[in-house]
Amino acid sequence: MYRFLLTPRWWGINVFAVLAIPLCIFMGSWQLSRFEDRVQTHQQQEDRSARAKAAAARPLESLLPVDTVTSGRQASARGRYDTAHQLLVPARTLKDKHGERQGFYVLDLLRTDGGKALPVVRGWLPGDAGAKADTAKVPAPPKGEVTVTGALQASENQGTDGVQAGGGLPRGQLGMISAASLVNIVPYGVYDAWITQTDPQAPLHAVPPAAVEGSGLDLKAFQNLGYTGEWFVFAGFVVFMWFRLFRRDTEAARDAALGIVPEGDGGGDHDGGDGGGDGAGVSVVASVSGAASEADDQGDGPADGRGGGSGAGRGAEHGEAARAGQA
């Protein structure tokens, strides 16, 4: 009854199922491991951030380059602010106890003793970076040599939240905090990092450090979780279709063994009946045609009613002559 499994069609179905099911399970497990890694990395980053806030500040040079370990660590640098190149970073959102508010960062460049400048986000202010009423509230940076302490951050890129990489900003505004965007603005070298000041001047608000890219429970992490479910659904669908096809062919083989012919296979008998009906119809037509021909042959003597009448009159005349001779 299961000999249909040896047909070429079923060989193809079986090979596909044997290859597809393990592949789907492997891909689903891999996506799940990616999600678990992101969750673990997020927890580790939160622990490091909590320890970094409590740890003492370290010199900037000892924490460079910025990576997943040094990001968020308290760094200190000494130098003088370049008051001629104060920049505003527009369209930045601050999350605090009041919710999410729209505003802008105030960024100054600290010229260190090493010659390079360190971008320092001195704080955040609500409002529009293009409105004079809002920018008038920005306090001037301290003069003279100062020591600045803040959370170390990696340079931003086009995928960072709030970044405006399209350009077209007014003079004095910066869309992305990075050495690449500052190199064309200032005539000196800039560190490939920046810090957000811990204790800003009033009325500035402190900007909390951002998590390292790829270390949080962002959209990519939940995409991995969604892909996990999709791959496992695919594996279940392959198993379901295999059993459905197997059951259908098994029932067909069982019915054939019992002599049960499906309804679709009885069309030949109905066609034969239709053929018989057509033959009978043809016979009837032929009989009618033959009768008509025979009637035509019989009518050749008397082509019409008048001929028939003339023949009958001649017969009557011969009968009367015979009776007269007898008399």
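These legends describe close-up views of a predicted model.

**View 1. The whole protein combines helices and strands.**
The predicted model has 6 helices and 7 strands. From the N terminus, the elements run α-β-β-β-β-β-α-β-α-β-α-α-α. Buried residues make up 28% of the 327 residues. The accessible surface comes to about 20300 Å². Carbon and sulfur atoms account for 57% of that surface. Take the contacts between residues at least 6 apart in sequence: 69% of them join residues at least 24 apart.

**View 2. A nonpolar patch lies on the surface and includes V15.**
Five residues make this patch: L6, W11, V15, V18 and L19. The patch covers about 570 Å². V15 sits in helix α1, which spans residues 8-54. The relative accessible area of V15 is 45%, so this residue counts as partly exposed.

**View 3. The largest nonpolar core has 17 residues.**
The residues with the most contacts inside this core are V89, Y105, L107, L109, V121, I177 and L182. Three strands each supply at least two of the core residues: β3 (87-96), β4 (99-112) and β5 (117-126). Another core, of 14 residues, lies apart from the largest one. Among its members are V146, L152, A193 and I195. In soluble globular proteins, nonpolar side chains tend to be buried together.

**View 4. I177 and its neighbours.**
Which residues does I177 touch, leaving aside those up to four places away in sequence? The neighbours are V89, Y105, L107, P119, V121, S155, E156 and W194. I177 is itself one of the residues with the most contacts inside the largest core. V89, Y105, L107 and V121 are also on that list.

**View 5. A91 has a positive phi.**
Phi of A91 is near 55°. This is a positive value in a residue other than glycine. A91 belongs to strand β3. Is A91 buried or partly exposed? Its relative accessibility is 33%, so A91 counts as partly exposed.

**View 6. Two cis peptide bonds end in proline.**
One cis bond joins L64 and P65, with omega about -5°. P65 lies in the loop between β1 (58-59) and β2 (74-81). A second cis bond joins A202 and P203, with omega about 5°. P203 is in the loop between β7 and α4.

**View 7. P200 lies in the loop between β7 and α4.**
Strand β7 covers residues 194-197. P200 has a relative accessible area of 22%, so this proline is partly exposed; the cut-off for buried is under 20%. Leaving out residues up to four places away in sequence, P200 touches R122, G123, H205 and A206. P200 and V121 are 79 residues apart along the chain. Their C-alpha atoms are separated by 9.0 Å.

**View 8. Helix α4 has 39 residues.**
α4 runs over residues 219-257. How far does the helix reach from its first C-alpha to its last? The span is 57 Å, close to the 57 Å expected at 1.5 Å a residue. Its buried residues are A221, N224, T228, A235, V238, D249 and T250. An α-helix has 3.6 residues a turn, so residues three or four places apart point the same way. G259 follows α4 and has a positive phi, near 80°.

Conventions
Residues numbered from 1 in each chain as written. Predicted model: local features only at pLDDT ≥ 70, side-chain atom pairs only at ≥ 80, totals over all residues. Heavy atoms only, no water. Patch = residues over 30% accessible without salt bridge, like charges linked within 9 Å, V, L, I, M, F, W, Y side chains within 5 Å. Areas by Shrake-Rupley, 256 points an atom, 1.4 Å probe, with all protein chains shown as cover. Salt bridge = Lys/Arg side-chain N within 4 Å of Asp/Glu carboxyl O. Helix = DSSP H or I, 4+ residues; strand = E, 2+ residues; numbered from the N terminus. Buried < 20%, exposed > 50% of the residue type's maximum accessible area, 1.4 Å probe, protein only. Core = buried A, V, L, I, M, F, W, Y, C linked by side-chain atoms within 4.5 Å. Contact = heavy atoms within 4.5 Å. Expected span 1.5 Å × (residues − 1).
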